[in-house]
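Colleague: Got a minute to go through this model with me? I'd like to look at the backbone and the helix packing.

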Amino acid sequence: AKTFGRHQIGLPWLGTPVKKDIRDQRKRIVAKVMLYPVGLYDIKTSVMAALANFVLGPDERGSWPRNTIHLSNELCDDEFAKEMTAERLVDPDEEARATVSRRARNLISPKAPREWKKILGRANDWFDTTVYAFALAWHLKHKRRLNAERWADLLTVVHGKPAEPDLFEAAEDGPFKGKTTKTDPEREARRKANREKWAKRS
């Protein structure tokens, strides 16, 4: 399977695939591939928002915002950080530069449409990798309805054995674990009364 990017706003993060032929230099079909369209605009916006949340840090209670990308010092050196921030949301007619002069900013209409553009002279491989990883994760959650049980089943199907403990086992909360909420006695009483009422009607 392969992917190709689409830049419009509001597209599915990973769309319906289409079958395409792979041809050699003599135009002969040598293989077929499923081509998945990726909604780049919304994903890139989400990735940049996640990086911004990481920079802002946790709140006074120590809680991080939803959609935060956590980067360790061992992973995020100067070059990695530059690649992760190698694109800017700009006017279509504006060149994406690392810095924009005050005069140039005054010429940009705030009502103009925006698009993501690569900053001149800067690699963006890690940013692209993160974008496509977000697309795959979105597909697993929203299209495959993946949860902890189905994830365990998939691991068994692919590897032929259940998942083994790894570094992620040390995390206090797994990715599928929901937040616990305090029980409201009055609400529970109302729900019980409603269940009994509907049971009498059946």
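Modeller: Start with Asn67, which is found in the loop between α1 and α2 (78-84). This is a predicted model, where local features need pLDDT of at least 70, side-chain atom pairs count only at pLDDT 80 or more, and totals for chains, interfaces and linings use all residues. Residues are numbered from 1 along each chain as its sequence is written, and side-chain values use heavy atoms, with hydrogens and water left out.

Colleague: What is phi of Asn67 near?

Modeller: Phi of Asn67 is near 60°, a positive value in a residue other than glycine.

Colleague: Is Asn67 buried or exposed?

Modeller: Asn67 is partly exposed, at 34% relative accessibility; buried is under 20% relative accessible area, exposed over 50%, partly exposed in between (1.4 Å probe, protein chains only).

Colleague: And Lys27, where is its place?

Modeller: In the loop between β2 (18-23) and β3 (29-39). Phi of Lys27 is near 70°, again positive in a residue other than glycine. Lys27 is exposed, with a relative accessible area of 61%.

Colleague: Now the helices. At what angle do α1 and α4 pack?

Modeller: About 110°, with the axes of α1 (residues 40-56) and α4 (residues 125-142) 9 Å apart. That makes α1 roughly perpendicular to α4, a label for angles of 65 to 115 degrees.

Colleague: Which residues meet there?

Modeller: From α1, Leu40, Ile43, Lys44, Ser46, Val47 and Met48; from α4, Phe127, Thr130, Val131, Tyr132, Phe134 and Ala135. Contact means heavy atoms within 4.5 Å.

Colleague: How many are nonpolar, polar and charged?

Modeller: The contact of α1 with α4 has nine nonpolar, two polar and one charged residues.

Terms used:
Axes are lines fitted to C-alpha atoms, for helices over the stretch in contact, and angles run from 0 to 180 degrees between N-to-C directions. Helices (H or I, at least four residues) and strands (E, at least two) are DSSP runs, numbered from the N terminus. Angles under 35 degrees count as roughly parallel, over 145 as roughly antiparallel, 65 to 115 as roughly perpendicular and the rest as oblique. Ala, Val, Leu, Ile, Met, Phe, Trp, Tyr, Cys and Pro count as nonpolar, Asp, Glu, Lys and Arg as charged, and the others, Gly among them, as polar.
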